[in-house]
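Got the viewer open? Let's take a short walk through a few selections, one stop at a time.

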Amino acid sequence: MSEKSTNPYDMDSPCFDPDRYLQKLLKECSLKQIMDTESTIVRQTQTLHSDMQTLVYENYNKFISATDTIRKMKTDFRAMEGEMNLLMSNMAEITEFSEKITDTLQGTRNQLTRLSGKHQLLKKLQFLSSLPAKLKTLIEEGNYQQAVQEYAHAQKVLQQYGKQPSFQGIQEDCVQILEGLKKLLKEEFVKTGKTAQSLTEIGELLLQLDEKPSALAKEMLECATKRLHEQLVMLQDQTDRDMIEFIDLGIEGFLNDLTLVISSYNDMFLTKHIEQEADDFEQVARVDLNNFVNTNIDEYLALVQDRAEVEIGHGDSQIILRGLDRMHRRLTAMRSLCRALDMGKSGIDIIINAAYQLCKAHMKSLKDHFSDNLSSIRLALVSAKSDSSQTAPQTSLKELISNLYVSTMEKVKGLLQDLLIFLQPDWSFNLKADTKGAACIEGIRESLLVGFLRHICSTMNGFGNINSSSPPTLLLILSKMCLEMDKSGVHQLISLVDELYDIDSENSTTLVHETELCAEMRDSAQHLLDSYVRLQGLNLSQMLRKSVETRDWLNCLEPRSVRAVMKRVVEELATIDNVLGQLYDTNDMRTAASSDSSRKTHFSLTASKQSQYRSTWSTYTPSQMDNSFVSNIHRLFSEKIEIFSSVEFSKVSIITGIIKICLKTLLECVRLRTFSKYGLQQIQVDAHYLQMNLWRFVSDENLIHVLLDEILGSAVLRCLEPILMEPNAVEIICERN
């Protein structure tokens, strides 16, 4: 910046030298550059001239305006100068007159001061003389607070002049009037129906009238207890209001009065230092207040809890929780207001109890819903059985199972979602942060979901008991339902509740694990399926037993056909097979039947092993052979067959179990009868017919052969003339039937 200001070649510099600038320009620039520079300088010069003219014009106008303003100010100041001179002369005259007046009134001022003091004293004395009458008037008007204030205002004067004879009567009258007022206030204090605000105001007045604080404190709590009890009685009668209105009434009435009593009690007895009482007065008063608060809070919470229990399960859960949340907010505010108090209970206990009550209501709802579904299934089965269409019950079994499963799952999921209302972030309470609340959340899982799943198991097991009269198809449906719950239902519900309520059941040692519930479901399914096999087997066995017991086997005619009961048994088994085919896979692996299963008579199926056995039964009489010995040898090398063992969840296993029960029953019935030759041959024909038709229902054909061998063998042993029919004749009879 300093170099530019001293540069002789800079036109803006004060040290600019035009001659040197021109010489430099002629030496360094061409003609064209010199002419361009000249044009630039001329143009800049013209611009500067124009700017200077504009500035001169603008400043000229400002100079003219300033000149006019100065000329006007000179004129105005001349007039103002005259006025100021006049004011100075007037102020001098006023000062002179003021000094004269002060000198004249100096003696009178002292006299006026003495008269004013006497006037004030006379006014006080006049107030004292009229005080008894004024106090009576205020008391008659019910303006007790104003009366106490008037007496307190005059009390200092009475204490100062009360010993003088002229004022002694006034003081005695005032004391007598105030004693009457104190008695009247005590009567008002203990009178029922007084609000907490009135009790507080009367208590303050009694304290100002020198009432003993310890006695007044106890009376105040007793009277407040009566008033609060009236509030609770009034709340008990509000049965037509919803939960929010009920809580609002309690807050506006009971809790507001309780808060006012606590605040007033603190102000009157705890925050002030009362000299005339014992040193432990404050401690005793605080204990009394704690007992008073806890007793009344407990009664109020018990009333709210009773109302919540009535509403839970019948009213809207959202409305109930909103009301309880308002109560919890108010009680929390009371805790912060009365921090020195020890409030034993809070609203969270009622909310937790409400959660448990809602769980119980939902559990009842789930049980009723499940019972209704079971009743609907039984009704559908009865309707389908009475229907003339034979396929109706078969085609609807899957639909019945699906409806039962889906309806149960959706109902449980809906109720679990409904209980999430307790965990909404909008509430002032947080169940997860509270120890009891966390246990309550786990209780929802255990008491509602796990409890309901176990209720399903126990209900299912009840249907499968021996004394139950449930139809077999119902047992089959319920078994399939339990199996579906084991495969997917339990996992879905447990995963849902753990996710919704943020429960870590995998690492918990107290919560029931999913695998335990699945095992219980599978056990129930197995129990129901075994009961179904047992019941169907007993139904068919009943027909076989009656057919054996009611027939005269010693006087039978030569067999010409298969007995009708055998045909009926095969038909029933075919019907059961069709029903099972609707629920279980039909691709069960069966061993291939021997090529002549339906062609060869019984005892010719294993010719290599039993040809001698068959010929022996055909040709020898009982006296020529030891039948018991042959039978025992045969049983010794036969595989033991479990009749009432548990079946698998497959069509072949189920129907095999039924067939085993039927054939075992037939075997035991045959062992108890005595047969003639034709009776034995009838058993032979029936056994061959069963062998022709039962092999396709089982996975192991040899099982049928073994049981039929035992049946015919027992018949031979019980026969008086054990001569079997020719195989060809047996085949002809069975094929004809």
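What follows is a tour of two helix pairs and one leucine in a predicted model.

**Stop one: a pair of helices.** Select residues 397-419, which is helix α14, together with residues 472-500, helix α16. Their axes sit 10 Å apart and pack at an angle of about 25°. Angles under 35 degrees count as roughly parallel, so that's what to call α14 and α16. Look at how they cross, too: the crossing is right-handed. If you colour the contact by residue class, you'll find 16 nonpolar, six polar and three charged residues.

**Stop two: a single leucine.** Now jump to leucine 667, in helix α21 (residues 651-671). Is leucine 667 buried or exposed? It's buried, because its relative accessible area is 0%, and the cut-off for buried is under 20%. Which residues does leucine 667 touch, leaving aside its neighbours within four places in sequence? Show Glu710, Ile711 and Ser714. Then add arginine 545: leucine 667 and arginine 545 are 122 residues apart in sequence, yet 9.7 Å apart in space, C-alpha to C-alpha.

**Stop three: another pair.** Select helix α22 (residues 677-694) and helix α24 (residues 727-736). The axes are 10 Å apart, and the packing angle is about 60°, which means α22 is oblique to α24. α22 passes α24 in a right-handed crossing. Turn on side chains for Gln684, Val685, His688, Tyr689 and Met692 in α22, and you'll see them meet Val730, Glu731, Ile733 and Cys734 in α24. By class, that contact of α22 with α24 has six nonpolar, two polar and one charged residues.

Conventions: Residues are numbered from 1 along each chain as its sequence is written. This is a predicted model: local features need pLDDT of at least 70, side-chain atom pairs count only at pLDDT 80 or more; totals for chains, interfaces and linings use all residues. Side-chain values use heavy atoms; hydrogens and water are left out. Axes are lines fitted to C-alpha atoms, for helices over the stretch in contact, and angles run from 0 to 180 degrees between N-to-C directions. Helices (H or I, at least four residues) and strands (E, at least two) are DSSP runs, numbered from the N terminus. Angles under 35 degrees count as roughly parallel, over 145 as roughly antiparallel, 65 to 115 as roughly perpendicular and the rest as oblique. A crossing is left-handed if the near helix is turned anticlockwise from the far one by less than a right angle, and right-handed if clockwise. Contact means heavy atoms within 4.5 Å. Ala, Val, Leu, Ile, Met, Phe, Trp, Tyr, Cys and Pro count as nonpolar, Asp, Glu, Lys and Arg as charged, and the others, Gly among them, as polar. Buried means under 20% relative accessible area, exposed over 50%, partly exposed in between (1.4 Å probe, protein chains only).
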